[in-house]
Structures are given as structure tokens and as C-alpha cells.
Amino acid sequence: MQLRFFSVGLSLVVGLGAARAELPKVGLKPVWEGLESTRPLWLETAPDGSGRLFCLEQGGAIIILPKDKNAAKPRREVFFDISERKPWRENEEGLLGMAFHPKFAANGKFYVYYSQQEPKRSVISEFTVTKASPNRADMKSERVLLEFPQPYWNHNGGVILFGPDGKLYIASGDGGKANDPHDNAQNLGTMLGKIFRIDVDTRTGKLAYGIPADNPFVGRKDDTRGEIWAYGLRNVWRMSFDRETGDLWAADVGQNKWEEVNLITRGGNYGWNIRESFHKFKEDGPAKGDWIDPVIEYAHHAGVEKESKFPGHGYGVSITGGYVYRGKAIPALRGAYVYGDFVTGLIFAARQKDGKATEHGTIHQQKGKVYQIASFGEDAEGELYLLPLVSNPPTKRDPLGGILQLVAE
Ligand SMILES: [Ca+2]
């Protein structure tokens, strides 16, 4: 008893000395219940003061969510729809990303990232809203900015984001199969396994977009692509800018052992497929290089956890990146990066300093039926949502179906 008392006292002292804000547990609250929505993958607020929140669906539609997330019978309002082009053929293909132009209020432009076949490829296009209604996209207004081949159905990346600098950032994926068989991620001559940065408002040569002059690899005399901002990434499944600091966070899905979260910097090499997370991956790869280690990692199972830099972190098989929480509903979570695992359904959070995690924890463990975390969403106020890979409306058997808001527990 006495020993136990002592140990509690000691941990209190250590806790105070480190002056760390504890990560809270959070709850999940169903919102927009009964709304018909299939495989939602992204939420995006129109930057025009309208308060409209858009939800992207893998099958090819973008819908406008009702303002009242507790409405009894939410109406499905379709803004954009390319489902007849069948972007979603395989599990990781589809309409995967969207972003509004920073001057959307004035020019009505927005951007989408979607998959197409024959040949299998990723397409990034600009569309404009109709003159008649800001709630309808003009489906004839498409301007294709960029297409690049995807050799396999998996690892298509898919996030597109405007940075605080007004440039469009795009995560491409390494092209797929397994282990990056063509070494795409380390090859600066391919568009795969990268994050690009392009300018949608200018043109470079015959390209439908501009390559910013301050991109890190501009002007090389070899076949290096000037669009590249960062490389050595396997399949960034969700990335986001911290709305307060401008930090770019990217969760990179691992092969067989490690899931990782990275802070993306200009020209950074994140190691794949020579490295996976903090660990050597390619047997005959170089022993040394300018690889940037992740902020945090977690293991696929207990068998490899002894090698982990973060023992005690919950397990998972496929990371889903989220957002640095900047909302008001969960004050103790402020400033922490929230992420989760697609397979185990655990929701995690971490804080970092100088690119190294100082704190991490499981903030929610789903009970009963576990919903796969396809993505997270963020609204105008910085509140976060979990987008599960289930169909709406929720059934009696699946009462959690649909979008879930992260709330204080
Ligand atoms: Ca890496």
C-alpha cells in the first residue's frame, strides 16, 4: 500500500515537471442522421462566407450538407456528380479529393482528384459553379490540369489542398502493388510517391498550370519533375494543413509493419521504399541518406512493437490521417494532431515539438461493431468528424452508420 502511494506521488511530480497537457478521451456523436451518403471521404467548407459544408463521396458525387446537423430528415443536395464516369472501380480508386480555390467567392472555381481507366490514371481538374446557382457545379466547365498514370488500382493518394501560400498541394501515391516494385517514390522523374505543388492561376510552357519558381527541384537539367514538393512517400492517405501554424501533416500508409505520420517540408525525402518509418525497408538500399523521420509511428502487431520508437501506442494496419484540432468542443484536445487506423478503428492523437512526438494516446476505442475510418473531416469552426466506410442511412443493426462528430466525453 505504502509503495503504491509512493508511486502515485512520484508520477504526479513527473507529470507536473513535464508540464504536459494530457490528451483527453473523446466521444463520437452521430450527425446528419438519416442522410443518404455513400463512402464519404472528405469534408470541405466553401471559403465564401456562406457556411456551406460539402461532403465528397468516393462514387463521384459532392453533396452539400444541411446546415442543421441534427435535422430530423436531412435532404440530400447534390452539388457535383461524375458517377457516370465510374471513378470508383476498385477499393482505392474513386473521387478522392476536392479543394476550393482560395478566391472561390469571386471566381467560383474548385478542384477535384479522381480515377479513370484505359489507361488507369489519376486526373486533377478544375470546375466552376453555374451562373444560375452557387449550389450547382457546371459539369461542362471541366478544365483538366494534370493526369498521370497509375500502374495498379491501389495507392492513389488523392488529397488536394490549397496551402496558406495559395498553391495547390497534391498527394499522388507510389502507384501501388506492394513494396513499390518500380521504385517510383525515390525517382524524381516520376509523378508517383510524391507531394506536388502547382499554381492553378498561371501556366508554365504548354502545361495547364504553373510550376512555382520556388519549388525545390525546379530548373534541373535532367528529367526531374519541377512539380515535386516532397518525395519518398508510399501512399499518403489524408493530409492537412494546421490552420493555425500552416504545418503540413501527412499520414503515410505502411507496408507490413509500420504506420507513420510525417510533417512535410520543402524538398523533403521521407524515405520510402528504402525506409519505412524509422526502419530500414529495402535490403539492398543505401545505408545512409537524407531521410526525414516521421513524427510518430505505430506497429502492426506486438511482434514488431519492441522495435518501436513509441511503445504502448495502439496497433493498426492502415493509417488514416486527420487534422490538428483547433475547435472549441474539446478544449483539452486543442493543438493535438488527430489520426486513426482504418482497420482497428482506434482514434489517436499526438503532440509534437521540432518534428518529434512529445505525447501520444488513444483518444477513442470503438466498442461493439468497429467502423473502418475511411477519413476525417473538419468544418469551418475546426470541429472534427469521422467518416466511416459504411452506407447511410444507418440501419437498426448499424446504429452508428453515417458521419460522426468528435465530442468531449
Ligand atoms: Ca517514411
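Which residue in strand 13 does Lys194 stand opposite? Keep that in mind while you look around; the answer comes in the first point. One thing before we start: this is a predicted model.

1. **The pair in the question.** Lys194 stands opposite Tyr231 in strand 13. Find strand 12, which covers residues 194-198, and you'll see that strand 12 and strand 13 are antiparallel partners joined over three bridges.

2. **The sheet around that pair.** Now zoom out a little. Strands 10, 11, 12 and 13 make an open sheet of four strands, in the order 10-11-12-13, with antiparallel pairing. Strand 10 and strand 13 (228-231) are the edge strands; each has a single partner strand, so one side of each has no neighbour in the sheet. Going from one strand to the next, the twist averages 20°. If you're new to sheets, a bit of background: strands pair through backbone hydrogen bonds, and the pairing can be parallel or antiparallel.

3. **Strand 2 and its partner.** Strand 2 is worth a visit too. It is mostly covered, with five of its six residues buried. Strand 2 runs antiparallel to strand 3 (residues 53-57), and five bridges join the two. One match to look for is Glu44, whose bridge partner in strand 3 is Phe54.

4. **The largest pocket.** Glu44 turns up again here. The largest pocket has a volume of about 580 Å³. It is lined by 23 residues, and the closest to its centre are Glu44, Phe162, Phe241, Arg243 and Glu378. Where does the largest share of the lining come from? Strand 2 provides it, with four residues. Strand 2 (40-45), strand 10 (160-162) and strand 14 (236-241) each give at least two residues to this lining. So strand 10 has two roles to note: it stands at an edge of the four-stranded sheet, and it helps line the largest pocket. By class, the lining of the largest pocket has 13 nonpolar, five polar and five charged residues.

5. **The second largest pocket.** This one holds about 440 Å³ of space. Its lining has 24 residues, and Asn91, Glu92, Asn235, Ser318 and Phe342 are the closest to its centre. The lining of the second largest pocket divides into nine nonpolar, eleven polar and four charged residues.

6. **The calcium ion.** Which protein donors does the calcium ion have? They are two OE atoms listed for Glu260 and the O of Tyr270, lying 2.2 to 3.1 Å from the ion. Glu260 sits in strand 16 (residues 258-263), while Tyr270 sits in the loop between strand 16 and strand 17 (275-276), so the pair ties together parts that are ten residues apart in sequence. Are these two residues buried or exposed? Glu260 is buried, at a relative accessible area of 4%. Tyr270 is buried as well, at 2%.

7. **The cavity.** There is one cavity of 30 Å³ or more. The largest cavity has a volume of about 40 Å³. Both calcium-binding residues reappear in its lining, which consists of Gly232, Arg234, Asp252, Val253, Gly254, Glu260, Tyr270, Trp272, Arg275 and Glu276. Sorted by class, that lining has three nonpolar, two polar and five charged residues.

How values were computed: Residues are numbered from 1 along each chain as its sequence is written. This is a predicted model: local features need pLDDT of at least 70, side-chain atom pairs count only at pLDDT 80 or more; totals for chains, interfaces and linings use all residues. Side-chain values use heavy atoms; hydrogens and water are left out. On a 1 Å grid over the protein atoms alone, a cavity is a set of points where a 1.4 Å probe fits but cannot get out, and a pocket is an open set with protein on both sides within 12 Å along at least five of seven lines; lining residues have an atom within 4 Å of a point. Grid points are joined across faces, edges and corners, and a volume is the space filled by probe spheres set on the points. Ala, Val, Leu, Ile, Met, Phe, Trp, Tyr, Cys and Pro count as nonpolar, Asp, Glu, Lys and Arg as charged, and the others, Gly among them, as polar. Donors are N, O and S atoms within 2.8 Å of the metal (3.2 Å for Na, K and Ca); water is not among the atoms, so sites may look incomplete. Buried means under 20% relative accessible area, exposed over 50%, partly exposed in between (1.4 Å probe, protein chains only). Two strands pair if DSSP finds at least two bridges between them. Axes are lines fitted to C-alpha atoms, for helices over the stretch in contact, and angles run from 0 to 180 degrees between N-to-C directions.
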